[in-house]
Amino acid sequence: YYQQNRIDKYIFFILYRKAMEYFNMGIRDKNRNILDQSKKCFDKLADLYEFQSWFSEPEKCYQPVIEIVKTQKGTLRLLDLGCGNGIVLKRVCDELSNVEKALGIDLSPNMVEKAKERLYGCNCNVIEGTIESVKIKPNYYNMVLCMHSFHHYPKPLRSLKHINKAMEKNGLLILADNKKNGFERWNYNWKLMRQGYPDGDMWIYSKLELLILGKMAGFKMESFQNVGDKSFITIFRKHKG
């Protein structure tokens, strides 16, 4: 919108995103903390995560994402946010020989424990926390993965800015997440707000919302593709920060 000189719509979406952040913060303050809900949910799922009925949908994103990671020339410095039980990190370490540094972050202590078990002997570390709570070397990672966790983030723009700070210029952010379209998406998001964000599910994003958020955080959206019936993968490139 900005490049097409449609300043009115550009400003509208900025204000819209800011209003949603403040609104969601207010809801969060009146109910249980979103991150605490997410932590409790995934602590319970840690032992049987890959045996859930819905797991087949996010699993469809794994191979396409691995193929994108393999396009990295030279050494790979990879950060996996919301790494869960380490299933994607394990594949990266097993299938790529150019991994210089691989770090996984997850807010669930049970998931972190499972990831460490899975990644035993690999050139990889996993720590408990979030992109905002963990101290990360700035301008370092050239590849960041965010696999089906972004819809849990209470402050999406702030999180994207923290991700930007952790990345070197021209680095890639690969964001895969849940997908819903049109009225179904709005209705679902409205139900999440009314119910106080059960299990820490906060917001299902549209392509346009992600484009605007990415732009505001210093990223350029390079591609967006639907995967399966309920997921998408979008690629951002850091262009400033």
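# Notebook: rings, strands and cores

I started with two aromatic residues, Tyr49 and Phe55, and found both buried. I note here that the model is a predicted one.

**Aromatic pairs.** I listed the ring pairs and got nine for the structure. Tyr49 and Phe55 make one of them, in edge-to-face geometry. Their centres are 5.5 Å apart and their planes stand at 75°. I then followed the ring pairs outward from these two. They link Tyr49, Trp54, Phe55 and Tyr62 into a cluster.

I also looked up Phe224 and Phe232. Their pair is stacked, at 4.9 Å centre to centre and 20° between the planes. Is each of the two rings buried or exposed? Phe232 has a relative accessible area of 2%, so I put it down as buried. Phe224 comes out at 24%, so it goes down as partly exposed. The cut-off for buried is under 20%.

**Charges over rings.** I checked two arginines. Arg77 has its charged end over the ring of Tyr140, 5.3 Å from the ring centre. Arg185 places its charged end over the ring of Trp186, at 4.8 Å from the centre.

**Strand β1.** Arg77 took me to β1, residues 76-81. How many of its residues are buried? I count six of six, so I call the strand mostly covered. I then sorted the residues by face. Leu76, Leu78 and Asp80 lie on one side, and Arg77, Leu79 and Leu81 on the other. Both faces are covered.

Next I looked for the partners of β1. Strand β2, residues 99-106, runs parallel to β1 and is joined to it by six bridges. Leu81 has Ile105 as its bridge partner in β2. Strand β4 also pairs with β1 in the parallel sense, over four bridges. There, Leu79 is bridged to Val144.

**Helix α5.** I traced the chain from β1 to β2. With helix α5, residues 87-95, these strands make a β-α-β unit, and the unit is right-handed. Which residues of α5 are buried? I wrote down Ile87, Val88, Leu89, Val92 and Cys93. Then I asked what covers them. The cover includes helices α4 (62-69) and α6 (109-118). Strands β1, β2, β3 and β4 are also part of it.

**Cores.** In soluble globular proteins, nonpolar side chains tend to be buried together. I looked for such groups here. The largest nonpolar core holds 39 residues, and Val69 and Leu145 have the most contacts inside it. I took Leu145 further and left out its neighbours within four places in sequence. Its contacts are then Val65, Val69, Leu78, Leu79, Asp80, Leu81, Val88 and Ile174. Of these, Leu78, Leu79, Asp80 and Leu81 are the β1 residues I had already sorted by face. Val88 was on my list of buried α5 residues.

A second, separate core has 36 residues. Among its members I noted Leu81, Ile105, Val134 and Met221. Leu81 and Ile105 are the bridge partners I had found between β1 and β2.

**Lys137.** Last, I looked up a loop residue. Lys137 sits between β3 (125-128) and β4 (141-147). Is Lys137 buried or exposed? Its relative accessibility is 53%, so it counts as exposed. I also took its C-alpha to C-alpha distance to Lys165, which is 8.6 Å. In sequence, Lys137 and Lys165 are 28 residues apart.

Notes
Residues are numbered from 1 along each chain as its sequence is written. This is a predicted model: local features need pLDDT of at least 70, side-chain atom pairs count only at pLDDT 80 or more; totals for chains, interfaces and linings use all residues. Side-chain values use heavy atoms; hydrogens and water are left out. A nonpolar core is a set of buried Ala, Val, Leu, Ile, Met, Phe, Trp, Tyr and Cys residues joined through side-chain atoms within 4.5 Å. Buried means under 20% relative accessible area, exposed over 50%, partly exposed in between (1.4 Å probe, protein chains only). Contact means heavy atoms within 4.5 Å. Helices (H or I, at least four residues) and strands (E, at least two) are DSSP runs, numbered from the N terminus. Two strands pair if DSSP finds at least two bridges between them. A crossover is right-handed if, with the strands pointing away from the viewer, the path from the first strand over the helix to the second runs clockwise. Rings of Phe, Tyr and Trp (its six-membered ring) pair if their centres lie within 6.5 Å; planes under 30 degrees apart count as stacked, over 60 as edge-to-face and the rest as tilted. A charge sits over a ring if NZ of Lys or CZ of Arg is within 6 Å of the ring centre and within 35 degrees of the ring normal.
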